[in-house]
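Biologist: Could you take me on a close look at one part of this protein, the helix that sits most interestingly in the fold, and then show me what lies around it? I'd like it in plain bench talk, please.

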Amino acid sequence: MNIAILNLTGGGISGGYKKYLVRLLPLLEPRLDGGRILCAAPANIPIKDWFGGLARTEFTACKPFSPLPGRDTALLEKLKDFSPDLVFVPLERYFRYPGVPFVSMLVNMAPMLKNYADGSVAEKARQLVQLYHARRSARKATHIIVTSKFVRSFLVSSWGLPEEKISVIYPGADSAEGLALVKPTALAEKGWNKFFWTIGSLEKYRGLEDILAALQLPGAQDHKLVICASVRRQMAAYAGKLKAGIAAKGLADRILWVSGLSEGELAWCYKNAAAYIMTSRIEAGPNTALEAMSFGAVSIAAQNPPLPEFFAETALYYPPGDGKALAARMAEAEAW
């Protein structure tokens, strides 16, 4: 079987998406019965550099995804030569190649639920475009892969899709076994040995305000927090508001912002934090929840789907938006 994996992004990918691809391709190759993989991505994403020893995978460039109509003639010519038996797009984009089954994957729930665009007209418009393409992809796909039962239930109940068209495949996480753990330089410079930890792209739906509310309460005034976050351009204004609020509340000295950590540094933080805190309101299949469990972290999570589906009995839960309840869970975890 020949599979064409088309990464139809606007020109960038998240760390979680990168990890997914790096795990996926080596697993697929031995299962193709002598077939091949064609992996396409915009030219600025160095996917080929992430792999070594893939004998049956070919990499090619494609145009960055655009919501405007248009044909990527070079990619279509490449597909004609490759002759795929299946086209797989691991995100919410429709791609038609005549006579070939199309498999889509839903990984971003933010446009499907409550809008967390923070009042930005441009961001709300962006989410509406994402919603349109996600619906189109889901309805036209031969089959859909989702990363939680929560997403499958949403597609069946809200979009009326047949359940048999949807497969739940959890993304998985790497083990820390054999990984050299390294304390991040910024933490070493601070001299912090006791801290709470959270990680994820900085988005309004992440709900970081819950932790800030908890840190202001009596009994939590000695707690320190490390936030590992990347900020996309559209969220720069929100990030500025969040940091200004942190300064106004007198929390700046107790919060450390980091980014670009290595796998060894990430694993060190999971393993050494008093607890990993996941306040997110919207997730399809949170990679960080799987990482936290794989690395043996004590975890505190908001009690909204799909977080209990992932953490099950391995986390302490609090009602989302309740800083007081979160502070109590933080005290419980620290006492352990």
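**A close look at helix α8**

Modeller: Let's set the scene before zooming in. The chain has 11 helices and 13 strands, and keep in mind that this is a predicted model. For 336 residues, a compact globule would come out with a radius of gyration near 20 Å, and this chain's 21 Å agrees with that. Measured out along the principal axes is not quite the right phrase for a model, so let's say the C-alpha atoms fill a computed box of roughly 65 × 45 × 35 Å. Half the story is on the inside: 50% of the 336 residues are buried. On the outside, the chain exposes about 15,800 Å², with carbon and sulfur atoms supplying 53% of that area. As for charge, there are 39 positive and 30 negative side chains, and the centres of the two sets lie 6 Å apart.

Now to α8, which covers residues 263-272. Seven of its 10 residues are buried, so the helix is largely enclosed by the rest of the structure. If you want to click through them, the buried ones are G264, E265, L266, A267, W268, C269 and Y270. Buried here means under 20% relative accessible area.

What do those residues pack against? There are helices on the list, namely α1 (15-28), α5 (185-190) and α9 (287-294). There are strands too: β8 (196-199), β9 (225-228) and β11 (275-278). Partners from such scattered stretches of sequence go along with a figure for the whole chain: among contacts between residues at least 6 apart in sequence, 65% join residues at least 24 apart.From there, let's follow two of those neighbours outwards, starting with β9. The loop between β9 and α7 (236-248) holds Q234, which counts as partly exposed at 31% relative accessibility. Setting aside neighbours within four places in sequence, Q234 is in contact with E123 and R126. The C-alpha atoms of Q234 and S120 are separated by 8.8 Å, although these residues are 114 apart along the chain.

The other neighbour to follow is α1. The loop between α1 and β2 contains D33, a residue with a positive phi of about 50 degrees although it is not a glycine. D33 is exposed, with a relative accessible area of 79%. Carry on along the chain to β2 (residues 37-42), and the picture is one of cover: six of its six residues are buried. Strand β2 runs parallel to β1 (residues 3-6), and four bridges join the two. If you'd like a spot to look at in that pairing, L6 stands opposite A40 in β2.

Two more backbone details are worth a click while you have the model open. S83, in the loop between α2 (73-82) and β4 (86-89), also is not a glycine yet has a positive phi, here about 60 degrees. At 45% relative accessibility, S83 counts as partly exposed. The other detail is a cis peptide bond joining P305 and P306, with omega about 0 degrees. You'll find P306 in the loop between β12 (299-302) and α10 (307-311).

Note on methods. Residues numbered from 1 in each chain as written. Predicted model: local features only at pLDDT ≥ 70, side-chain atom pairs only at ≥ 80, totals over all residues. Heavy atoms only, no water. Rg over C-alpha atoms; globule rule 2.2 N^0.38 Å. Buried < 20%, exposed > 50% of the residue type's maximum accessible area, 1.4 Å probe, protein only. Contact = heavy atoms within 4.5 Å. Areas by Shrake-Rupley, 256 points an atom, 1.4 Å probe, with all protein chains shown as cover. Lys, Arg positive; Asp, Glu negative; His and termini not counted. Charge placed at Lys NZ, Arg CZ, Asp CG, Glu CD. Pairing = 2+ DSSP bridges.
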